[in-house]
Amino acid sequence: MLKCRTAWKKLAPLARASSTVCRQNVRRAGLNHGRLPAQIPVAHMSTGPAGGGRENQLYALLVGAVCLGGGIYAYRTIKGDQIRYQERIDDISTRHKVTTEQPDEPIEAEPPAVEATEPEAAPEPEPTPEPVAEPSSEPQAEPTPEEPSSPAPEAEAEAPSETTESAPVEEITPAASKIPSHAPYLLIGGGTASFAAARSIRARDPGAKVLIVTDEPDLPYMRPPLSKELWFSDDPSVTETLRFKQWNGKERSIYFQPASFYIKPEELESAENGGVAVLTGKKVVHMDVRGNKVKLDDDSEISYNKCLIATGGVPRNLQVIERAGEEVMKRTTLFRKIDDFKSLDKVSRNIQSITIIGGGFLGSELACALGRRSNESGLEVIQMYPEKGNMGKVLPEYLSNWTTEKVKREGVKIISEALVKSVTCKDDKLEIRLKDGRVVKTDHIVAAVGLEPNVDLAKSAGLEVDSDFGGFRVNAELQARSNIWVAGDAACFYDIRLGRRRVEHHDHAVVSGRLAGENMTGANKPYWHQSMFWSDLGPDVGYEAIGIVDSSLPTVGVFAKATAKDTPKAATEKSGTGIRSESETEDTAVSPVASSTPAPAEEQHKDDYGKGVIFYLRDKVVVGIILWNVFNRMPIARKIIKDGEEHADLNEVAKLFNIHED
C-alpha cells in the first residue's frame, strides 16, 4: 500500500497538469479560430505546433499507457502486501505458540540466536509496566546498608556463600541477556552505594522491584579488601574464591550477598513480592530524563519511575603513560576492580620488579601488601610519589616521615619527590625517567594517582557537574532532578559544616546510598552525615579519619604510648568486623565530658607514634580528625566536627578519646 500511494502521489500532479493544459488549448483555439471551431478535432499542447492533431493523439496514448501501467503496478503491489502481511501474522502466531509451550528450565542452554529472536514477539503479549509500590508507612530501620557486615546479616549471607559466592558470575550471566523493559527503581552502577540503596528501598517498600545495572561482570561487592586483606590471604585460590580472613581471623566473602539473594532480571516484572535484580555486563550510555528511560550499550531501553546514579569513578592515569604507546599501557595497571586485583596478583608472581606511582591511600596499601610478598618471592617493589613522604597530602610531615619508614620496613624501596617525565619500553623493561634525571627500570607499573568521577551521563541527562570538585551536583536530599538521585563517589553534595564536597570513601558510599534509597521511597531526609574513611598499613598500623584532612592545614597532634590492643587486628577482634565504618551508626555520639584534671604532659614527637589524635584546623575550628591506632571512637570525632566550636586546649579534647588509658 505504501508503494502504491507513493506512485499515485507522483503521477497525480502530472495527470492534473496535462488535463489543465489541454483544456486551456481548447479554449485558446476557439478564440483564435472562432469561425471554424468544429474543425479542431483535438486540443493540442501549447508548446506544439498549432493545429497538430497527430501530436495530441500520441500524447493521449502516452497518458493512457502510464495510467494503465500505474493501475497494474498498484494492483500487484496491494496483492503482494496482503500476501506478505498474512505470512507475517502466521509466522508470529506460530512462533508465539512454540515459545509459550517451551518450559522455563532450558533457557540457560538455549543458543544465543534463539534468544535474539524472542524480543521481536515479546512486545505484543508483554504486560503494561507495573506502577511503583506505595512506600510503607511503618518505619523500618532494621535493614540498613551496614547490615551486610554486622553479625546477624553476615551469618545469613555467609551460610550459603560456601557454595554460591565462589562463582557468582556464572549464576548471573545467563540472566544478564534478559533485559526487562521497565524497572520501578533503576540503580545505575553496581557498587557499594547501589547495594546500600537497594537494601534501603526494600526496607521501606518491601514489595519494591529494584534493578541494578552494572558494566562489571560481578555482583555488588566491597572494594576495600582489594587493596587490603585479600593480599594477606594464605589461600592460593583467593583470586577465584575472593574470600579473605579479616584481621580478627574471621573469614568472609568480598560480595555483599551471594547470588541466591538476587532474582533474575527477566523475573523482575512478574515477581509478586518484588526483589533486587542485577543486570551485569551492561552499560547505560544515554538518559532520556523527560521520557524516564535509559539506553544501554546494546541499544536496548529500560524505562523507570525513579532512578539512582551511582556510577562511582574511574582511575586516573598519568598523561606521560597514556602518550607512551600501547606496549607501556599493556604493562600498566589502573587499580579499581576485581579484574584489576586478579591481573595484578598474577603479574606480581611472574615478574622481577614492580613500581607503584602514587603515595596516597591506595598506593601505600598496595606497596605494603606487595612488599610483604617480596620477602618471600624476591619481588622488587618500588613506590614513587612527588611528595616528601608517604601520604604527604594527608598526614603532617612528622607523621608522614614515620609512615615512610614503616613502608620501607615492609620491603618497599621509596623514591620521594619524584616527578615522572617520560616512560618508554626498552630491552623488555619499562624505563621511567624523572624530571630530575633519575631513571628507574621496572617490569610493571601500577598507577595509583587518584579517581575521576564518572559523569558520562551528565550531557545526555542535562545534569549539572560541579566545576570545582567534579561529580553531579545534588541538593540536600541527594537529588539531581525530581526523580533522579546521585550517591557515592559521583555525588557532589553540600556539607552544612564543611561546604560543598565530594567524598570517595566506603563509608560515604554506604550512608549516601542508604539515604538516597530512603528518599526514593519518599523519606525526604537531608544528608548531614560526616563520613569517615580508614587505611591499614598491614595488621599493625591503621588509622581512621573524618572531615577535611589536608596536610596544608594547621594541625595539632596528641599522642600516647600504644598497647597491644591498639592495632587494626585488635580493633576488628573487638568489633567483629573488618569493614570498620560499617559498624557505625548515624546516631549522635554522647561524648564524655572532659574532666577538670590536668592533662598528662604532652609527649614530644618521637620516632614512635604509638597512638594519638591529630586535629586539623581552619579558622581555629576543628574541620578534620585522624585517629591514629585509635579505633571505635568515630562518633566522638563526628560530634566535635558537627559542633563547630573553637577549643582553647585541644589536649583536653583529646582526652575524650581516652588515648591515655592503658
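Begin by selecting helix H6 (residues 192-204) together with helix H14 (residues 506-520) in this predicted model. On the H6 side, the residues that meet H14 are Thr192, Ala193, Ala196, Ala197, Ser200, Ile201 and Arg204. Their counterparts in H14 are His506, Ala509, Val510, Gly513, Arg514, Gly517, Glu518 and Met520. Classified by residue type, this contact comprises 7 nonpolar, 5 polar and 3 charged residues. With both helices displayed, inspect their axes, which come within 7 Å and cross at roughly 35°. The crossing of H6 and H14 is right-handed.

Next, centre the view on threonine 192, a residue of H6. Is threonine 192 buried or exposed? Its relative accessible area is 11%, and because buried means under 20%, threonine 192 counts as buried. To display its surroundings, select Tyr221, Met222, Phe256, His506, Ala509 and Val510, which threonine 192 touches when residues up to four places away in sequence are not counted. Among them, His506, Ala509 and Val510 also appear on the H14 side of the helix contact.

Now follow the chain out of H14 into the loop between H14 and S24, where asparagine 524 lies. Asparagine 524 has a positive phi of about 60° although it is not a glycine. Most residues other than glycine have a negative phi.

Strand S24 (532-536) leads to the next selection. It belongs to an open sheet of 5 strands with antiparallel pairing, in the order S24-S25-S28-S27-S26. Which strands stand at the edges? They are S24 and strand S26 (555-560); each has a single partner strand, so one side of each is left without a neighbour in the sheet. From one strand to the next, the twist averages 15°.

Within this sheet, select strand S27 (residues 611-618) and strand S28 (residues 621-628). These two strands pair in the antiparallel sense over 7 bridges. One position to label is leucine 617, which stands opposite valine 622 in S28.

A second sheet can be shown by selecting S14, S15 and S16. This open sheet of 3 strands has the order S14-S15-S16, again with antiparallel pairing. S14 and strand S16 (439-442) are the edge strands, and each pairs on one side only. Neighbouring strands here are turned by 20° against each other on average, direction ignored. The antiparallel strands S14 and S15 are joined by 6 bridges. For a particular pair, label valine 423 and its bridge partner in S15, isoleucine 432.

Then move to the loop between strand S14 (420-426) and strand S15 (429-434), and select aspartate 428. Its phi is positive, about 60°, although aspartate 428 is not a glycine. Is this aspartate buried or exposed? At 53% relative accessibility, aspartate 428 counts as exposed, because exposed means over 50%.

Finally, zoom out to the whole protein chain. It contains 17 helices and 28 strands. Of its 662 residues, 48% count as buried. Among contacts between residues at least 6 apart in sequence, 70% join residues at least 24 apart. With a surface representation switched on, the accessible surface comes to about 32,600 Å², of which 52% belongs to carbon and sulfur atoms.

Notes. Residues numbered from 1 in each chain as written. Predicted model: local features only at pLDDT ≥ 70, side-chain atom pairs only at ≥ 80, totals over all residues. Heavy atoms only, no water. Helix = DSSP H or I, 4+ residues; strand = E, 2+ residues; numbered from the N terminus. Buried < 20%, exposed > 50% of the residue type's maximum accessible area, 1.4 Å probe, protein only. Contact = heavy atoms within 4.5 Å. Pairing = 2+ DSSP bridges. Axes fitted to C-alpha atoms, helices over the stretch in contact; angles between N-to-C directions. Areas by Shrake-Rupley, 256 points an atom, 1.4 Å probe, with all protein chains shown as cover. Left-handed = near helix turned anticlockwise from the far one by under 90°. Nonpolar A, V, L, I, M, F, W, Y, C, P; charged D, E, K, R; others polar.
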